[in-house]
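I am opening a fresh notebook page to keep track of what I look up about how two chains meet. I will write the entries in the order in which I checked things.

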2 protein chains.
Amino acid sequence: MTTLTFIGAGMMASALAVPAYDNGHEIRIVGTHLDDEIVKRAKEDGYHLNMKRQLPDGFKWYYYDELEEGLYGADAVICGVSSFGVDWFLEEIYPKLDPKLPVLSVTKGMINKEDGSLLSYPEYWEEELAKKGIKRDICAVGGPCTSYELADKHHSLVGFCGTNIDDLKFFRDTFANDYYHVSISKDVRAVELSVALKNAYALAVSLAVGIAETEEGKEGVNHYNPQAALFAQSTREMGDLLELVNGDKNQLELGVGDLYVTIFGGRTRRIGTLLGRGYSYEKAMEELAGVTLESVVIAKRMGEAITVLADKDEVKKDKFPLLMHIYNMIANGAKLNIPWNKFNQEDLDN
Amino acid sequence: MTTLTFIGAGMMASALAVPAYDNGHEIRIVGTHLDDEIVKRAKEDGYHLNMKRQLPDGFKWYYYDELEEGLYGADAVICGVSSFGVDWFLEEIYPKLDPKLPVLSVTKGMINKEDGSLLSYPEYWEEELAKKGIKRDICAVGGPCTSYELADKHHSLVGFCGTNIDDLKFFRDTFANDYYHVSISKDVRAVELSVALKNAYALAVSLAVGIAETEEGKEGVNHYNPQAALFAQSTREMGDLLELVNGDKNQLELGVGDLYVTIFGGRTRRIGTLLGRGYSYEKAMEELAGVTLESVVIAKRMGEAITVLADKDEVKKDKFPLLMHIYNMIANGAKLNIPWNKFNQEDLDN
């Protein structure tokens, strides 16, 4: 039995604790300063307020000011913050951890640097920590897995990635079981990029929902040919973006699986549908009460990166017509005008 | 203006005539001996009985015994039969056509030979015609496109393939317009395999629907993590199967887009759902009133091909655990038991 300390009591971290608990490990979940309500209730009866699920009695819950206690004697740490907590985790948590203590992160997203290069969060953290003289390896989780269904023990297929193979195998062996299935890869950037991109492209495919609604004059209708066309084009651009970062194209599969389910619902489908109906980005965001969406963040960052790289002639914008269109709608107020004809290709070489 | 003669008055051929008609070409549709009812009604008022759509008045309809008239002066022929008409078209039609007359086929599927190799229908036809001393090139259509939505002029993205580049460009220029988007590729086997495989894998992903229904005790519930896991694994295996036939992996995109929409409904989802509920293949086919499904045909053919190749040590069955599982359910009466743990991979090389 190992002792696992989860920092962040959000839905994904709390759900991820379930398979590890079922595998016989000690589970400690430490809330951030934003999680006090969740921890308060969970300490009482194990009920998770946001996930609306009863979690195992054996979970041990800690407030953020009990962090030290929660970390005492831990064999590994799981970073459970969202992308909005990336710098907080960098400043507040990593410096307090023994650099040898394995860390697995559930945070999804990518960062674009001014030179147009793209970094996953593990890479970003490792770089920033190195500047402070801290050498640490960070593993991460990617793949299609909603927290609700993981907590309900439905079959899920995910990818763990990291450059430290011992840590990677340790985490796989700790979490994987008969319902939580784990592939492992050394290619952190490919796994993380693939999974981040699915948010942007789920928005893109959802445009077809809004367009169909406008054409038919009612909500909830589907035109499958346009959705499939955007799905195919999304798969193509995701693969080309993996190539752009020299990523392992095998990691595309988890991103495509994740894209498939992300389109079914939630706020990303909602904003894509609104933009598809012809709403401006501003008006769509008003309907969503201004909640910042991961899909919007990643579309902006990817669009910025590609713009910089295209200016340097390192990439052609025309290779990513769908992504650049949603970027232009979000960042530059462009009107809906899907560049269908740019999706036509000629593969006549072989 | 060119004159296009469609042979087969089924839904797909009739729908495909719509963009060509909008592009100003002469459309002649010749029914097979099975299409008399369709042609009779269409001759009266242009209504297509199976598609339940009014088609343009300008279409010219012919009974099969008017074939000669329908072909007179045609610039190109479109083969519109289903996979069950492949040999009929080979014996009855091809010998009557000038070998120089371009042919575009909408027939989807693959054939497995005894040695385990896989052939697309254009390749099969070309091989068989060569034995009769007829040298002919055949182009084909693949990609996610339902006939209903094409007839309704919704945006569709498809791939035309063929080894004769002049014919290929001719067909693209004849059909492509502002709602029918056409990529072209020389890699016939890759395009056709990718599109055929989606039927088998749509059945595979639908297993998760039946499993969820059993677990929840009611119909119409979805568990998205297992569906996404099967979608990711399907994408992986489809890519590996393209590699197995030395196919262009770029063609995977159209197959994945097609997979995405095929899961939404129809008989393939239905049989996958029934098998997912634990029905035997025999019992599931009873519910479907014995209708032969393309998804079942292709799963059997692929399973047979892989079995032969594995016996010759040319491929490992373990590379295709999902396909082999549905093959074993269909061909060998195996019970539902998704090999989840075989989906876990280790990519630790780079």
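**Entry 1: salt bridges and polar contacts.** I began with the charged pairs across the boundary, and in this predicted model I counted four salt bridges between chain A and chain B. One that I looked up by name joins the side chains of R172(B) and E346(A), with a distance of 2.6 Å from N to O. I then widened the search to polar contacts, and between chain A and chain B I noted 34 residue pairs, both residues being at pLDDT 80 or more.

**Entry 2: which elements of chain A take part.** I listed the elements that each supply at least two residues to the side of chain A that touches chain B, and among them are helix 6 (147-151), strand 11 (156-161), helix 7 (165-175), strand 12 (180-185) and helix 8 (188-216). Helix 9 (224-244), helix 10 (252-262) and strand 13 (346-347) of chain A are also on that list. The largest share, ten residues, comes from helix 9 of chain A. When I sorted the residues of this side by character, I found 24 nonpolar, 20 polar and twelve charged.

**Entry 3: the extent of the interface.** How many residues of each chain are in contact with the other? I found 56 residues of chain A in contact with 56 residues of chain B. I also looked up the buried area, because the size of an interface is often given as the accessible area lost when the parts come together. Between chain A and chain B that area is about 5,000 Å², and carbon and sulfur atoms give 56% of it. In chain A, the residues that lose the most area to chain B are N225(A), E253(A) and Y260(A), which together make up 15% of what that side buries.

**Entry 4: strands that cross between chains.** I followed strand 12 of chain A and saw that two bridges join it to strand 13 (residues 346-347) of chain B, the two strands running parallel. Within this pairing, I184(A) stands opposite E346(B). I then traced an open sheet of nine strands with mixed pairing, in the order 13(A)-12(B)-11(B)-10(B)-7(B)-6(B)-1(B)-2(B)-5(B). Its edge strands are strand 13 of chain A and strand 5 (60-62) of chain B, each of which pairs on one side only. Further along, five bridges join strand 1 (residues 3-7) of chain B to strand 2 (residues 26-30) of chain B, again in parallel, and T5(B) stands opposite R28(B) there.

**Entry 5: the annotated domain.** Finally I checked the UniProt record, an unreviewed entry, whose annotation "domain: Glycerol-3-phosphate dehydrogenase NAD-dependent N-terminal" covers residues 4-156 of chain A. That span is 33% helix and 23% strand, and its end C-alpha atoms lie 21 Å apart.

Notes: Residues are numbered from 1 along each chain as its sequence is written. Chains are lettered from A and ligands numbered from 1 in the order in which they are written. This is a predicted model: local features need pLDDT of at least 70, side-chain atom pairs count only at pLDDT 80 or more; totals for chains, interfaces and linings use all residues. Side-chain values use heavy atoms; hydrogens and water are left out. UniProt positions are given in the numbering used here, feature names are shortened, and annotations may be inferred rather than shown by experiment. Helices (H or I, at least four residues) and strands (E, at least two) are DSSP runs, numbered from the N terminus. Contact means heavy atoms within 4.5 Å. Buried area is the accessible area (1.4 Å probe) that two parts lose on being put together, summed over both. A polar contact is a pair of N or O atoms within 3.5 Å; within protein, one must be able to donate a hydrogen and the other to accept it, and residues adjacent in sequence count only if both atoms are side-chain atoms. Ala, Val, Leu, Ile, Met, Phe, Trp, Tyr, Cys and Pro count as nonpolar, Asp, Glu, Lys and Arg as charged, and the others, Gly among them, as polar. Two strands pair if DSSP finds at least two bridges between them.
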